[in-house]
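Hi,

Here is the structure I promised to pass on. Have a look at it first, and then read my notes below with the picture open beside you.

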Amino acid sequence: MSSLRTLIVALSLLTGSALLAQSLSPLTTYHWQEGTLVVDTPARPAGQQHAVQLTTPKIAQVRVGFVGLGMRGPDAVARYTQIAGTRVMALCDYEEERAVACQKILREAGMPPADIYCGETGYEALCQRPDIDLVYVATDWEHHFPVAKCALENGKHVAIEVPSAMNLEQIWTLIDLAEQKRLHCMILENCCYDWYEMTALNMAQQGVFGEVIRAEGAYIHTLDPYWDHYWKNPNDDSMLGWRMKYNRESRGDVYPTHGLGPVAQVMNIHRGDRFTTLVAMDTKSVHGTEFVSEHTGKPCSDFRNGDHTTTLLRTQLGKVVEIQHNVMTPQPYNRLYKITGSRGYATKYPEEHYSLSKEQLAAAGIQTEAKISYHSFLPETEHKALEERYRHPILKKYGEMALEVGGHGGMDYIMDSRLVYCLQNGLPLDMDVYDLAEWCCLAELGALSIDHNCCAVAFPDFTRGHWNDIPTGFRHAYASPADEAATDEAARQLTQTLKDNTAKLGLWQLYDKAQTGKKSALKAYDKAKAKL
Ligand SMILES: NC(=O)c1ccc[n+]([C@@H]2O[C@H](COP(=O)([O-])OP(=O)(O)OC[C@H]3O[C@@H](n4cnc5c(N)ncnc54)[C@H](O)[C@@H]3O)[C@@H](O)[C@H]2O)c1
């Protein structure tokens, strides 16, 4: 271990502040094995069980507390007003006015007002409430972990925006808490629910591409129009929004999950296969360095994140995934999403295509007189026929409503709806705490690789021995049709009653009067709200 690293570990142990969110966590230790850097896996504490396929008691009405209401959070609040059987109980942001502004969303939806929390630690009181089931975190990256940890410690399920944990120390803490408390800790990876990804996943699971052996994913999105809009922590004197500051301080793929999540599901990661090794490489930083110099007026010589980072991952079964990250250079938005199978190929960007032989297309159930060759992409008619045949059941259930509600074209709504569906039906979530770990660890493992001359780095087995327990591969969980119909109907009625009572009690009028601060008005509002 380098002396600098030893010093950081000693300092963090001394101060007890092992919460640094940079991609290299102070407490990670490793050893070398035949030229590969192997990070050490902490032993599972005695008496603690794994949480693969975790189920928890059914929750008829999912009561949610939102933490982090900047550019992203308010849209999530709006989506939850469109999901039956949920209630927004609390709104929390560092900036009080951002939390209060979201009341408008609830008012317009006819839902009851929520309670407001604010400041650096306002989320603590929110997490301690007994009447919240799920804490939904959409803060800056520095705060994902402390909020999620607090939620789990207080017995709440937690769903965290991406990337949900910034380094291995945070990842292991979340795994331990989820395992100890038997609670869900979900990564909010919305790209797993986009139309093309879900349809291609369904095809892959039914063998349309033969055996999938390679995949590519990425987050290539120049953030120039956004850098100045990210929240600036008033206690930070860097003059940068949190996201540019984070990129300046952290190496490795710091935003890997939009690219990795959907392809990891195709690859059945910790459902029969697992990532074993990665190698990462980044370009020098040009754009990031220039941005910081221009914005601070001081020359920048310490920008850690390369403009373009590439990570190659290998699995136990000999498959390869390539993930790229570039939020700096000007080029069209691209998540790549390419699936190479032994009998076919799918690619989403820059245009959606499939490539199959005529025989494979016929085996997939599509007969055609058209000239088909795997040297080119399928013609439009066959492309559409294939997509129609393999439309994912989840898209069939939520697709229409998703297009209406929106949120990145609807995928955000499908993600939230699936989370609520699984909680209401007591099913394992689509994405568990080990997915969170396997997808988010690219930042630290990649940083370790790049900082050591792009060496091979071994993945920890985050399930600690249970990556091969599910013989079916990755599958979404469903309730029986009868149970699903009963749950959906109960949820619809709960929401209708909630809206009826909000109107009947005149809650918003009482809320407005309570804003005067008069004691009698506050009392009247609290009394009416208790009747909901
Ligand atoms: N999945 C997606 O497609 C997608 C898209 C955009 C953003 N995101 C993620 O959403 C998150 C938020 O991004 P954003 O663009 O809204 O950033 P933002 O800067 O607009 O908002 C961050 C918010 O967090 C609040 N915050 C900071 N500290 C807090 C604390 N202690 N308690 C409560 N609130 C606190 C800030 O006041 C701010 O309002 C990030 O994790 C980002 O990566 C995901």
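Let's start with α6 and α7. In this predicted model, the axes of helix α6 (residues 141–153) and helix α7 (residues 168–181) come within 10 Å of each other and cross at roughly 15°. Angles under 35 degrees count as roughly parallel, so α6 and α7 are roughly parallel to each other. Their crossing is left-handed. On the α6 side, the contact is made by Phe145, Ala148, Lys149, Leu152 and Glu153, and on the α7 side by Gln170, Thr173, Leu174, Leu177, Ala178 and Lys181. If you sort the residues of that contact by type, you get 6 nonpolar, 2 polar and 3 charged.

Now compare that with two other helix pairs.

The axes of helix α9 (residues 242–249) and helix α11 (residues 287–296) come within 11 Å and cross at roughly 125°. That angle makes α9 oblique to α11. The crossing of α9 and α11 is left-handed. Met244, Asn247 and Arg248 of α9 meet Gly288, Phe291 and Val292 of α11, and the residues of this contact divide into 3 nonpolar, 2 polar and 1 charged.

Then there is α10 with helix α16 (residues 433–440): these two pack at an angle of about 125°, with their axes 9 Å apart. That makes α10 oblique to α16. This time α10 passes α16 in a right-handed crossing. From α10 the contact uses Thr257, Leu260, Gly261 and Ala264, and from α16 it uses Asp435, Glu438, Trp439 and Cys440. By type, the residues of the contact of α10 with α16 are 4 nonpolar, 2 polar and 2 charged.

On to the sheets. A quick reminder before you trace them: strands of a sheet pair through backbone hydrogen bonds, either parallel or antiparallel.

One is an open sheet of 6 strands with parallel pairing, in the order β5-β4-β3-β6-β7-β8. Which strands stand at the edges of this sheet? They are β5 (115–118) and β8 (185–187); each has a single partner strand, so one side of each is left without a neighbour in the sheet. The twist in this sheet averages 20° from one strand to the next. For a place to zoom in, try strand β3 (residues 62–67), which pairs with β4 in the parallel sense over 6 bridges. There you'll find glycine 65 standing opposite alanine 90 in β4. Helix α15 (residues 411–425) lies across β3, β4, β6 (134–137), β7 (157–160) and β8, and runs at about 140° to β3.

Another open sheet is formed by 10 strands, in the order β1-β2-β16-β10-β11-β12-β9-β13-β14-β15, and here the pairing is mixed. Its edge strands are β1 (30–33) and β15 (353–356), each pairing on one side only. The twist here averages 15° from one strand to the next.

Two spots in that sheet are good for practice. At the β1 end, 4 bridges join β1 to strand β2 (residues 36–39), and the two run antiparallel. Tryptophan 32 has leucine 37 in β2 as its bridge partner. β1 and β2 form a hairpin with 2 residues between them, and glutamate 34 in the turn has a positive phi of about 50°. Further in, strand β10 (residues 275–282) pairs with strand β16 (residues 456–458) in the antiparallel sense over 2 bridges. The bridge partner of threonine 277 there is alanine 458 in β16.

You have already met α10 (residues 257–266), and here it is again: it lies across β9 (212–220), β12 (320–326) and β13 (338–341), running at about 160° to β9.

Last, the ligand. How many residues surround it? There are 26, and the closest are Gly70, Met71, Arg72, Tyr94 and Trp231. The elements that give two or more residues to this shell are β4 (86–93), α5 (122–128) and α6, so two names from earlier turn up again in β4 and α6. The shell residues divide into 11 nonpolar, 8 polar and 7 charged.

Have fun looking around!

Cheers

Technical notes: Residues numbered from 1 in each chain as written. Predicted model: local features only at pLDDT ≥ 70, side-chain atom pairs only at ≥ 80, totals over all residues. Axes fitted to C-alpha atoms, helices over the stretch in contact; angles between N-to-C directions. Parallel < 35°, antiparallel > 145°, perpendicular 65-115°, else oblique. Left-handed = near helix turned anticlockwise from the far one by under 90°. Contact = placed C-beta atoms within 7 Å. Nonpolar A, V, L, I, M, F, W, Y, C, P; charged D, E, K, R; others polar. Near = placed C-beta within 6 Å. Pairing = 2+ DSSP bridges.
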